[in-house]
Amino acid sequence: VLNDTQGHHAGDEALLTLALCMNRALKSRQYAYRIGGDEFAIICRKASEEDVLALVSRIKSNISETKYHCSIGFCCCEDEARDIEDMLRKSDMMMYDDKKRYYEENNLKSR
C-alpha cells in the first residue's frame, strides 16, 4: 500500500526501519531474513517458546517507537523433524490473527 500511495522510497524506508527494529531485538542464535516483499522470517536456533515470545515483545516494542506497525506470527519446534512448510503455514495463520486483532482494536478496515 505504501508503494502505491506514497511511492517506492516510502516503502523502502518502511522495510529498512522494520529490519533495523528486528535486528536490534535479536540475540545470539537468532537470525532475520527478508523472504519476499514485506515478509520476514526469523530463525531462532535452540530457543524455547519463552525466548521467542520475549523476542516478539522486543520487536513490537522497537516498532512501537516508529510510525509503523507489523503483525507477527511464529511457530516453535522442539525437534528437527517438523516440516518447514508446515511451520511457515502455522506462522502465517498466527500473523493473520495478529493482523485482524490489530485492525479490530484500532477500528480500522482490513486490507
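The following chat discusses salt bridges and a nonpolar surface patch in a predicted model.

Colleague: How many salt bridges are there?

Modeller: The count comes to five salt bridges, a salt bridge being a side-chain nitrogen of Lys or Arg within 4 Å of a carboxyl oxygen of Asp or Glu. This is a predicted model, in which local features need pLDDT of at least 70, side-chain atom pairs count only at pLDDT 80 or more, and totals for chains, interfaces and linings use all residues. Residues are numbered from 1 along each chain as its sequence is written, and side-chain values use heavy atoms, with hydrogens and water left out.

Colleague: Which residue forms a salt bridge with lysine 67?

Modeller: Glutamate 13 does, and the closest N and O atoms are 3.7 Å apart. The pair links distant parts of the chain, 54 residues apart: lysine 67 is in the loop between α3 (49-64) and α4 (84-105), and glutamate 13 is in helix α2 (residues 8-25). Helices here are DSSP runs (H or I, at least four residues) and strands likewise (E, at least two), numbered from the N terminus.

Colleague: Is lysine 67 buried or exposed?

Modeller: Lysine 67 is exposed, because its relative accessible area is 65% (buried means under 20%, exposed over 50%, partly exposed in between, with a 1.4 Å probe and protein chains only).

Colleague: Changing topic, which residues make the nonpolar surface patch?

Modeller: Tyr31, Tyr33, Ile35 and Ile43 make a patch of about 390 Å². Patches consist of residues with over 30% relative accessible area and no salt bridge, like charges being joined within 9 Å and nonpolar side chains (Val, Leu, Ile, Met, Phe, Trp, Tyr) within 5 Å. Accessible areas come from the Shrake-Rupley method with a 1.4 Å probe, and for residues only the protein chains shown count as cover.

Colleague: Where does its largest share come from?

Modeller: Strand β1 (residues 30-36) gives the largest share, three residues.
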